[in-house]
Amino acid sequence: MENEKEFWEKYWTKEKRNFAKVEKFIFSEIIEKHIPELKEKNCEKEYFEVGCAPGNIMVFFNKVYGYQVSGCDFINCKIIEKNIKKAGVEQVQLYEEDFRKMDLDKKYNIVASYGFVEHFQNYSDILSKHKKLVAEDGYIIIELPNIRKFNYILYKVFAPELLNIHNLKVMDINVLRKEIEDNEFQIIYDNYYLSNIFMANRDNELINKKKVMKYIFLFIRKLFELLHCVNIPNKYFSPYIICIAKRKKGRE
């Protein structure tokens with residue numbers, strides 16, 4: 001599950017998104033709501049992303065919020081750096097390393113990962129390592145796909161190969177809450193996010209490879225929108241789980 005470097009390098013090499021268009025980020029509304037400091041646009045604050053390929057979210061945090069950005073990934077970071085600099089971000093610190101083996105002697109105002117933790121059996125250790133990088137009064141953002149309940153059936157039918165590289169056990173609000181909230185961290189927000197199960201990126205290589213699946217997804221996505229059922233978070237249909245927690249003062 002954890003050692004799919006070849007898979008991910010091939011996957012991100014085919015990435016087609018235009019990173020110069022940074023005005024939108026699917027989770028920005030919920031993150032801004034619970035991290036009000038973001039709106040202050042402070043270039044002295046630092047953002048670190050675990051599993052940062054392809055680099056679009058780091059571009060967003062730099063251009064929209066003014067954060068200095070850093071990240072790590074075990075794929076070829078030249079791919080990520082090229083994407084970021086092409087979008088106009090000149091300064092970025094990238095670590096081409098296995099996150100499990102990293103030993104960073106630094107703290108960040110925001111530490112985040114999106115669709116990363118669920119690729120590991122020892123997710124508890126991975127989350128603990130995230131938390132160690134957070135500065136006092138800083139935040140941790142963890143996003144996971146929700147591949148349980150009805151969504152599991154969809155993956156089983158349309159993309160069974162992806163089930164093998166995901167740990168479904170951690171895709172549970174209660175499990176995630178238990179791992180993150182402790183004497184040092186207070187959860188600010190945790191919930192399932194959206195209710196439209198077909199939120200996949202239109203340029204996703206796996207989606208485009210299966211044309212029939214793509215058009216079925218787009219049709220049902222449109223149907224959800226027409227029925228105004230896009231934003232009703234629930235564990236059965238929501239495509240994402242998000243947890244935002246803050247490190248308490250004096251607990252660094």
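**Burial, salt bridges and strand pairing**

User: Why does Lys131 count as buried?

Analyst: In this predicted model, Lys131 has a relative accessibility of 8%. The term buried requires a value under 20%, so Lys131 at 8% counts as buried.

User: What makes the contact between the side chains of Lys131 and Asp182 a salt bridge?

Analyst: The N to O distance between Lys131 and Asp182 is 2.7 Å. A side-chain nitrogen of Lys or Arg must lie within 4 Å of a carboxyl oxygen of Asp or Glu, and the pair therefore qualifies. Lys131 belongs to helix H5, whereas Asp182 sits in the loop between helix H8 (173–180) and strand S6 (185–193), so the pair ties together parts that are 51 residues apart in sequence.

User: Why is Asp182 called partly exposed?

Analyst: The relative accessible area of Asp182 is 31%. Partly exposed covers the range between the 20% limit for buried and the 50% limit for exposed, so Asp182 at 31% is partly exposed.

User: How do you know that Glu184 and Arg247 form a salt bridge, and which parts does the pair tie together?

Analyst: Their side chains meet at 2.8 Å, N to O, which satisfies the requirement of within 4 Å. Glu184 lies in the loop between H8 and S6 and Arg247 in strand S7, so this pair joins parts that are 63 residues apart in sequence. Glu184, at 33% relative accessibility, counts as partly exposed, while Arg247, with a relative accessible area of 3%, is buried.

User: Which residues are joined into one network by salt bridges that share partners?

Analyst: The network consists of Glu37, Asp137 and Lys246. Glu37 is placed in the loop between helix H2 (28–34) and strand S1 (46–50). With a relative accessible area of 18%, Glu37 falls under the 20% limit and is therefore buried. Leaving aside neighbours within four places in sequence, Glu37 is in contact with Lys45, Tyr139 and Lys246.

User: What makes strand S5 (residues 134–145) mostly covered?

Analyst: Of the 12 residues in S5, 10 are buried.

User: How do you know that S4 (residues 108–114) and S5 pair, and in which sense?

Analyst: Pairing requires at least two bridges; S4 and S5 share six, in the parallel sense. Val111 has Ile140 in S5 as its bridge partner. The chain passes from S4 through helix H5 (residues 123–132) to S5, and this β-α-β crossover is right-handed.

User: In which sense do S5 and strand S7 (residues 240–247) pair?

Analyst: S5 and S7 pair in the antiparallel sense over seven bridges, against a requirement of at least two. Glu143 stands opposite Ile242 in S7.

Conventions. Residues numbered from 1 in each chain as written. Predicted model: local features only at pLDDT ≥ 70, side-chain atom pairs only at ≥ 80, totals over all residues. Heavy atoms only, no water. Buried < 20%, exposed > 50% of the residue type's maximum accessible area, 1.4 Å probe, protein only. Helix = DSSP H or I, 4+ residues; strand = E, 2+ residues; numbered from the N terminus. Right-handed = clockwise from strand over helix to strand, strands pointing away. Contact = heavy atoms within 4.5 Å.
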